[in-house]
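Biologist: Let's go through this one together. Put it up on the screen first, please.

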Amino acid sequence: MSALSENCHHDRATVDGEHRMQIELIEALQASLHHPTGTRPGPTALMDQLQSFCAAHFMSEELLMRFCAYPELDDHIADHERTLDTLAGIALNQPGDPAAAEARLSEIKGFLTAHIRTRDLAFTEYYRRWSEVGSADRLVE
Ligand SMILES: [Fe+2]
């Protein structure tokens, strides 16, 4: 492991916790759409939290991917952008059509869950191998 990679963490429990938080925020937002006046924080505040959390989490992932020369970076970023763009579109529609907002949240929850189970898992495996050899150049398929 290189000196740099020792300071660069991609610890599985932390990443799993962040992914869980993303899904829980989506679910909390969906629930708040059913009871917009009975939940605190309300839908707008939850959407702000969800967007901010996703943006920070995605930026952190992408920085680490660049750092270790992850070859699937562009496809991964495309998924992140699709997620953020979808959330931004929902935010623009609020509070006009809760049913449409919830449908789009369900769609993005499914998309993000699949992303976590496939692309994020693939990166975790790449990072594990990269950490062992300390360089993308020395990674052997
Ligand atoms: Fe990701």
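**Chat about the helices and their packing**

Biologist: Which residue just after α3 takes a positive phi?
Modeller: Ala69, which sits just after α3 with a phi of about 55 degrees. It isn't a glycine, either. Helices here are DSSP runs of H or I with at least four residues, strands are runs of E with at least two, and both are numbered from the N terminus.

Biologist: What kind of model is this, and what passes the filters?
Modeller: It's a predicted one: local features need pLDDT of at least 70, side-chain atom pairs count only at pLDDT 80 or more, and totals for chains, interfaces and linings use all residues. Residue numbers start from 1 along each chain, as its sequence is written.

Biologist: Back to Ala69, then. Where does it lie, and is it buried, partly exposed or exposed?
Modeller: Ala69 lies in the loop between α3 and α4. It counts as partly exposed, because it has 13 C-beta neighbours inside 10 Å. The cut-offs: 20 or more other C-beta atoms within 10 Å is buried, 12 or fewer is exposed, in between is partly exposed, with C-beta atoms placed from the backbone.

Biologist: Zooming out, how many helices and strands are there?
Modeller: Five helices and zero strands, so to speak α-α-α-α-α along the sequence. Of the 141 residues, 18% are buried.

Biologist: What share of the contacts is long-range, say at least 24 apart?
Modeller: Taking contacts between residues at least 6 apart in sequence, 67% join residues at least 24 apart. A contact here is two C-beta atoms, placed from the backbone, within 7 Å.

Biologist: Where's the largest nonpolar core, residue-wise?
Modeller: It has 13 residues, and Leu29, Leu50 and Leu105 have the most contacts inside it. α2 (12-34), α3 (43-67), α4 (73-93) and α5 (98-133) each give two or more residues to this core. By nonpolar core I mean buried Ala, Val, Leu, Ile, Met, Phe, Trp, Tyr and Cys residues joined through C-beta atoms within 7 Å.

Biologist: And what does Leu50 touch?
Modeller: Leu25, Ile26, Leu29 and Leu87, leaving out residues up to four places away in sequence. Apart from that core lies another, of five residues, including Met65, Cys68, Tyr127 and Trp130.

Biologist: Tell me about α2. What should its length be, and what is it?
Modeller: At 1.5 Å a residue, its 23 residues should span 33 Å, and the end C-alpha atoms are 34 Å apart, which agrees. The expected span is 1.5 Å times one less than the number of residues. Buried in α2 are Val15, Gln22, Ile26, Leu29, Ser32 and Leu33, and these pack against α3 and α5.

Biologist: At what angle do α2 and α3 pack?
Modeller: About 160 degrees, with axes 9 Å apart. That makes α2 roughly antiparallel to α3. Axes are lines fitted to C-alpha atoms, for helices over the stretch in contact, and angles run from 0 to 180 degrees between N-to-C directions. Under 35 degrees is roughly parallel, over 145 roughly antiparallel, 65 to 115 roughly perpendicular, and the rest oblique.

Biologist: Same thing for α2 and α5: how do the axes cross?
Modeller: At roughly 170 degrees, and they come within 9 Å. So α2 is roughly antiparallel to α5 as well. Among the residues making the contact are Val15, Ile26 and Leu33 of α2 and Leu105, Ile108 and Leu112 of α5.

Biologist: Which residues of α3 are buried?
Modeller: Pro43, Leu46, Met47, Leu50, Cys54, Glu61 and Met65. As for length, the 25 residues of α3 should span 36 Å at 1.5 Å a residue, and the end C-alpha atoms are 36 Å apart, which agrees.

Biologist: Switching topic: is His34 buried or exposed?
Modeller: His34 is exposed, since 11 other C-beta atoms are within 10 Å. It belongs to helix α2. His34 and Ala99 are 65 residues apart in sequence, yet 9.0 Å apart C-alpha to C-alpha.

Biologist: Last one, Leu73. What does it touch?
Modeller: Met65 and Arg66, not counting residues up to four places away in sequence. Leu73 is in helix α4 and counts as partly exposed, with 15 C-beta neighbours inside 10 Å. Its C-alpha atom is 9.2 Å from that of Phe123, 50 residues apart along the chain.
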